[in-house]
Protein chains: 2
Amino acid sequence: MDVTLQQVQRSVWWGWGDPANAAPLPVHARRMLDERLGARSSTTNHPPVQLDSIEVPESRVGDRLRSALIDAVGAEHLLDSAADRILRAGGKSYPDLVRVRTGHLPYVPDAVALPSTHREVADVVAACVAHDAAVVPFGGGTSVVAGLTATGEQRAVVSLDLRRLAGLIRLDEHDHTATFHAGTMAIDAETALRARGFTLGHFPQSYQQASLGGFVATRSAGQSSSGYGRIDDMVDGVRGVTPTGEFEFGSRSPASAAGPRLLDVMVGSEGALGVLTEVTLRVVEAPQVTRHTAVAFPDFDSAATALRELVQQLGHDQQPDVTRVSDAVETEVSLGLAGRSGKALQRYLAVRGLEAPCLTILLWHDATDERAKHRQRRAQQILKRNGAVTLPAKIARGWEHGRFSAPYLRDELITRGVFVETLETATHWSNIAAVHRRVGGAIADALDAGGTPGVVQCHISHVYPSGASLYFTYLAAEADDALDQWQTVKTAASEAIVAAGATITHHHAVGRDHRRYLADEIGEIGVRMLRALKNELDPGDTMNPCVLIPDTTSQKVPTSTGATTEAPS
Amino acid sequence: MDVTLQQVQRSVWWGWGDPANAAPLPVHARRMLDERLGARSSTTNHPPVQLDSIEVPESRVGDRLRSALIDAVGAEHLLDSAADRILRAGGKSYPDLVRVRTGHLPYVPDAVALPSTHREVADVVAACVAHDAAVVPFGGGTSVVAGLTATGEQRAVVSLDLRRLAGLIRLDEHDHTATFHAGTMAIDAETALRARGFTLGHFPQSYQQASLGGFVATRSAGQSSSGYGRIDDMVDGVRGVTPTGEFEFGSRSPASAAGPRLLDVMVGSEGALGVLTEVTLRVVEAPQVTRHTAVAFPDFDSAATALRELVQQLGHDQQPDVTRVSDAVETEVSLGLAGRSGKALQRYLAVRGLEAPCLTILLWHDATDERAKHRQRRAQQILKRNGAVTLPAKIARGWEHGRFSAPYLRDELITRGVFVETLETATHWSNIAAVHRRVGGAIADALDAGGTPGVVQCHISHVYPSGASLYFTYLAAEADDALDQWQTVKTAASEAIVAAGATITHHHAVGRDHRRYLADEIGEIGVRMLRALKNELDPGDTMNPCVLIPDTTSQKVPTSTGATTEAPS
């Protein structure tokens, strides 16, 4: 059971961080939240409850399935204690966290299987097919789109936890590729690569807890995507298991014209077509230096124009590796949380005519400082031209230092009764301002309408020649029914995204929360294509039922909040 | 009928070029071919025959289908003369050219429909579905893998010629995207973009005759792919028609995590799932300067190492935009064809110890000469380190000047009784030397075994961080049965590619010629995925039957050479 204990240590079941390490919110930050969100934010609405106080339903794993699973992974790697099952009962979305803190879980897997080889994964899947159970692949457990909950599933559900299927299989220093077992934690992969002088360059906010297989299955994008690309760009090959056979795509060449790129069907398939067991990723030589720039723009439009010019004029390799522009609200909140130094900065910028500045962080990684400096200098010309005011580089260093801290802060905020969530999208440059306005407005309106006016902030953190992502964070006082509050805002934001012509998700994936919007994006024909693939590879709907593929029937089942929307696929 | 006449002018039916413009092979080149390939090469085996001397079978288009097609496109855009049908009877592979010159065509479409709008395309497809006819989408007609021949098809076959569905729909200078009708000729697209200061940067050897839709449908890669990427990298969106509905993918954002990237299912679908009507492509600002470098390496391994270091160390945007390394044989032939200047160069290199030099051409395109020079200088360090001997830059300019000339030369060679064909693959760097040796060896052995020992040459022209392409050209005296000779060599080469673990095609696509090897590449499960998509989108097998998808039944039908291999899908 040490695997379970390790996980408890790594990812505390009631949130993201270890409560022992939680730093209480500074007084000035609490005061700001009180002012902005109303008095309720200072109360303690959701203290963590004890793990053993949560009731879980009896396991539906019958004797024959249990026996087949034991044959597959060994009795010691088939877990079914309440704690083991609760730990795989969801991801890390706000509803997931609230639900586990209230102790009411609409979904808990019936057992947890921990295979350690590709073969054992195939055997677990085969056992579930043979005994009519569902399989939910579980990597780092960091889904924020209900990608790990089979709520409403009538069959036994086996959580296929990949953490034992971990480690570097081979690093090819000549080809610049690395093959990993899919359950390898991102942080372990990076450690293994750095020891040999390489990096993956993939650092999403979930980096400290996510797995490589999870990145690939959800089309993840990291904070350095401007320089290193999305995970889609890094995947050279995948291997895995479906209920009707095993697959291996991409292993023969870096590029091909041999028909549609089936590798790209498995990337982003979210466990609904099969489960990844190995991923081959392109790696690059680890940079030796990082240069930091912080600037403020007079408004979001100028900042977006500067980012657009950086990527269009400098190109993929020469633009900054990290580009991040906060809108005026996010800047104001960030500076507010920073206390005295933030206030000083605000005054400095106000003197220079920036009343509603947009803080911008840029990082360059390179082999030599000379090269990084050369790139930085080229970028600075573009920044200046668009009205950037230079700020101390230590602000960019501060961001870099705290880049993975937001989920820990969220734990603390939820404990304090703050409703806090994020969602993201992407669109073309010509649509960025409209999407920013419409989606931000929809979130704010929904919060207002619910009687909990809040803060809606946004940043751009992934740029492409033709467009960029928009990442919204919103905070408000928690309503009486937190899950209902969440669903109302989520629905308003999602509908605004669809109406504005943007994608329903840039890097969080579809899961259960976005699937009813997927049809707007890929059309009726796209849904039929996904369904045809699902029916071919997984005719029994064994794999991660309820995620990804929109259902076109009218049957309603509970969603992640318990509200009804659509049937499982 | 002016469209037909335009095509005759653009692409002469019996080959690639206009015979009026054909420059006869210089004496020294003829002598070299005579020496290398044997006396037969100097005879004239395949003079172009008169178009009206070719017999075509009676059209199988019945009255009801004809009437529906006329309703779709208008009577003046439904063609069924022998000449019109012959012009769409194949692509530009060696068998295609030989067949049309001998006047024996195993496949001729029964009619040619020329729609001018997305709606008309949908109506043509619907008419063919309703009246049980097959549809072969036809862009520039430059397939070299039998992607345009429905040999053995029992139903009426309608060639869906997209040349009237042409033109720039919109260029978004802000987003750096351009949307074109799919039938737009590449050369016209580039002209339209250059007029506004942009370029697509996509220049495959078929550039002068191919269409944008064809590029996308076949996953084309151009000579500047090192700098500008493959067509796959450029596609931001597609729109099109299948027999069961219309599709539009990619229009909402430059990147997304909304499930598997269905755009990448349509890219490379070769008309077998549907037909593209619009493509949105990323464009870049047209470069203002080009810098040229020619060097010679002492051997192919050093040259490959240099290319690998260029792409891995300099990255996508900083490495040369064009990189091309000829192996020792290709270098020898090129210098031989160049006559006296080539001989002088050989002596110069021999003095420097390069007995079997590998000629390498590198081009940099950039906004300013200063930047291009900066990049060139960084690259030269890597070239030197790997033993490169610098040659006059005019050699690189000469290559650039003649970069689209090979197909014209092929016409002339075929006329002179030379068996000449190309094939290509790609693999990881660590496998490049083995694939070069094994595939080149298989081609040479097959030519020897057939009693027509020949010349087998190869170049690398597309590089990636993890690998590169290998492009083979082979020449021999034509055997008595040229098609049998072609099939024998093609089979040997393809089997060697599969056995060596490389991809069956890097940029020529699958068509009919490669489809029996696709199962080795994507596995049984990949074939089932393609078939499931086909059955969903095109249950009546209306769209381009016989290409792409391997058939798993044992039924045999004629291939492009008339030999039997497998059933149409």
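**Reading the criteria against a predicted two-chain model**

In this predicted model, chain A has a mean pLDDT of 91, and 91% of its residues reach 70 or more.

Q: Where in chain A does pLDDT stay under 50?
A: One such run is residues 1-11, for which the model has 23 contacts beyond four places in sequence. Another is residues 553-569, with 49 contacts beyond four places in sequence.

Q: What does the predictor give the complex as ipTM and pTM?
A: The ipTM is 0.94 and the pTM is 0.94.

Q: Why do A:Cys358 and A:Cys458 not count as a disulfide?
A: The cut-off is a sulfur-to-sulfur distance within 2.5 Å. The closest cysteine sulfur to that of A:Cys358 is in A:Cys458, 10.0 Å away, so the pair is too far apart for a bond. Seen from A:Cys458, the closest cysteine sulfur is that of A:Cys358, again at 10.0 Å. Over all chains, the count is zero disulfides.

Q: Why are A:Cys358 and A:Cys458 called buried or exposed?
A: Buried requires a relative accessible area under 20%. A:Cys358 has 1% and is therefore buried. A:Cys458 also has 1%, so the term buried applies to this residue as well.

Q: What makes the contact between B:Glu536 and A:Arg528 a salt bridge?
A: The rule asks for a side-chain nitrogen of Lys or Arg within 4 Å of a carboxyl oxygen of Asp or Glu. Here the N to O distance is 2.8 Å between an Arg and a Glu side chain, so the criterion is met. The count between chain A and chain B is two salt bridges. On the side of chain A that touches chain B, helix α20 (residues 515-537) gives the most, with 13 residues.

Q: How many residues and polar pairs join chain A and chain B, and what area is buried between them?
A: In chain A, 84 residues are in contact with 84 residues of chain B. Polar contacts link 39 residue pairs, both members at pLDDT 80 or more. The buried area is about 6,400 Å², with carbon and sulfur atoms giving 59%.

Q: How do you know whether A:Glu153 is buried or exposed, and where is its place?
A: A:Glu153 lies in the loop between β3 (134-138) and β4 (157-161) of chain A. Its relative accessible area is 10%, under the 20% limit, so A:Glu153 is buried.

Q: What makes the pairing of A:Glu153 with A:Arg155 a polar contact?
A: The limit for the N or O atoms is 3.5 Å, and the two side chains meet at 2.6 Å. Leaving aside neighbours within four places in sequence, A:Glu153 is in contact with A:Arg60, A:Ala134 and A:Pro545.

Technical notes: Residues are numbered from 1 along each chain as its sequence is written. Chains are lettered from A and ligands numbered from 1 in the order in which they are written. Side-chain values use heavy atoms; hydrogens and water are left out. Buried means under 20% relative accessible area, exposed over 50%, partly exposed in between (1.4 Å probe, protein chains only). pLDDT is the predictor's confidence in each residue, from 0 to 100. Contact means heavy atoms within 4.5 Å. Buried area is the accessible area (1.4 Å probe) that two parts lose on being put together, summed over both. A polar contact is a pair of N or O atoms within 3.5 Å; within protein, one must be able to donate a hydrogen and the other to accept it, and residues adjacent in sequence count only if both atoms are side-chain atoms. Helices (H or I, at least four residues) and strands (E, at least two) are DSSP runs, numbered from the N terminus.
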